[in-house]
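Trainee: Could you take me through one small part of this model at close range, and then show me what else is worth looking at in the chain? I work at the bench, so plain words suit me best.

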Amino acid sequence: MRKPYIVIMLLVLMFTLMCGCSSDNTTGKSSSKDDIHSSEKEQTPVSQSKRPYKEYIENILNSSDEDMGEMGYAALYDLNNDNSDELVIMRVKDVNFVYTVCTIKDDKVVPLVEDEHFFVLAGGPSGDVYILKNDVETLISFEYGEINPGDEVLYNHGTVDAYSFDGEQLKLQKEAELLRVTTMSIEPKILYDQSEATVNDENTTYKEFEQWHNSYEKTLLLNMHPDDSAKLENFVKEL
């Protein structure tokens, strides 16, 4: 009469042991997955540290006699698509607006151009920084303009400095001095026969320059009237 009882107990014990082994195997697989995810996280590239940029801007704010918090602006943009942002600054220095472009190498700020003259802070000038993109290249373009009224037309004087960045150097691709003459009306028309352009020290027509400029998608990066977050004193706090 005891044999059925013993058989039943043996079956219960075997079932318990089997469940224990199955549980251990499941836990082992889960642990293995966690290790894989942990390994993947460790291999994910860490985003570029912006601390060198922060220190660079703080030095500008601390060393300048001008109120750079209000009269200096900055933005970040990856100019060569390497997942590392370059720093772009436009600010007042003496009586001029100047611009600077920096990158980071070995955790140090490397100026590509520094305090390059943009325009004289007088009259009614306007300075903008654009990203120009097409299927071939990305350029950063510093564009200045000032309007002077004539008797019946408007004279728009301007300059364009457009650079490419190859990861090592910022190369000036287009340096233009422009005179765009337009009608004095609500919807002004360009008078191409009176307009002029000099590009890379060679005389050309304004229409030819315009065709080159319009071949890019144009995105505003910075101007003289940005939102408060672009002002240096606020921008540096977010780095």
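Where is the place of Ser 195?

Mentor: Happy to help. Please keep in mind that this is a predicted model. Ser 195 is found in the loop between β8, which covers residues 170-183, and β9, which covers residues 196-199. With a relative accessibility of 9%, Ser 195 counts as buried, because buried residues are those under 20%. A polar atom of the Ser 195 side chain lies 3.0 Å from the backbone nitrogen of Val 181. If you set aside residues up to four places away in sequence, Ser 195 touches Leu 179, Arg 180 and Val 181, along with Ile 190 and Tyr 206.

Another serine makes a good companion to this one. Ser 164 has its place in strand β7, residues 153-165. Its relative accessibility is 12%, and therefore Ser 164 counts as buried. Here the polar partner is a side chain: Ser 164 and Gln 173 make a side-chain to side-chain polar contact at 2.7 Å. Gln 173 is also one of the residues that Ser 164 contacts once neighbours within four places in sequence are left aside, and the others are Thr 138, Leu 139, Gln 169, Leu 170 and Lys 171.

Stay on β7 for a moment, as Val 160 lies in that strand too. Val 160 has a relative accessible area of 4% and is buried. Its C-alpha atom is separated by 7.2 Å from that of Lys 174, although 14 residues of chain lie between the two positions. Lys 174 is among the residues that Val 160 touches, not counting those up to four places away in sequence; that list also includes Ser 141, Phe 142, Glu 143 and Phe 209.

Now to the aromatic rings. The structure holds 13 aromatic pairs. One of them joins Phe 97 and Phe 119, whose rings are stacked, with 5.1 Å from centre to centre and 20° between the planes. Phe 97 sits in strand β3 (residues 96-105) and Phe 119 in strand β4 (residues 108-120), so this pair ties together parts that are 22 residues apart in sequence. Phe 97 has a relative accessibility of 0% and counts as buried, and Phe 119, at 2%, counts as buried as well.

A second pair has another geometry. The ring centres of Tyr 99 and Tyr 163 are 6.2 Å apart and the planes stand at 75°, so the pair is edge-to-face. It links distant parts of the chain, with Tyr 99 in strand β3 and Tyr 163 in strand β7, 64 residues apart. Both partners are out of reach of the probe for the most part of their area in the following sense: Tyr 99 is buried at 0% relative accessible area, and Tyr 163 is buried at 6%. Ring pairs link these four residues into a cluster that also takes in Tyr 73, Phe 118, Phe 142 and Tyr 144.Two other rings have a lysine for company. The charged end of Lys 207 sits over the ring of Tyr 192, 4.1 Å from the ring centre. Lys 218 places its charged end over the ring of Tyr 130, again with 4.1 Å to the centre.

Strands β3 and β4 bring us to their sheet. It is an open sheet of four strands, paired antiparallel in the order β1-β2-β3-β4. β1 (72-77) and β4 stand at the edges with a single partner strand each, so one side of each is left without a neighbour in the sheet. From one strand to the next, the twist averages 20°. Six bridges join β1 to β2 (residues 86-93), and these two strands run antiparallel. Gly 72, for example, stands opposite Arg 91 in β2. Helix α2, residues 51-63, lies across β1, β2, β3 and β4 and runs at about 5° to β2.

Finally, a view of the whole chain. Its secondary structure comes to five helices and 11 strands. Of its 239 residues, 35% count as buried. Among contacts between residues at least 6 apart in sequence, 50% join residues at least 24 apart.

Methods
Residues are numbered from 1 along each chain as its sequence is written. This is a predicted model: local features need pLDDT of at least 70, side-chain atom pairs count only at pLDDT 80 or more; totals for chains, interfaces and linings use all residues. Side-chain values use heavy atoms; hydrogens and water are left out. Buried means under 20% relative accessible area, exposed over 50%, partly exposed in between (1.4 Å probe, protein chains only). A polar contact is a pair of N or O atoms within 3.5 Å; within protein, one must be able to donate a hydrogen and the other to accept it, and residues adjacent in sequence count only if both atoms are side-chain atoms. Contact means heavy atoms within 4.5 Å. Rings of Phe, Tyr and Trp (its six-membered ring) pair if their centres lie within 6.5 Å; planes under 30 degrees apart count as stacked, over 60 as edge-to-face and the rest as tilted. A charge sits over a ring if NZ of Lys or CZ of Arg is within 6 Å of the ring centre and within 35 degrees of the ring normal. Two strands pair if DSSP finds at least two bridges between them. Axes are lines fitted to C-alpha atoms, for helices over the stretch in contact, and angles run from 0 to 180 degrees between N-to-C directions.
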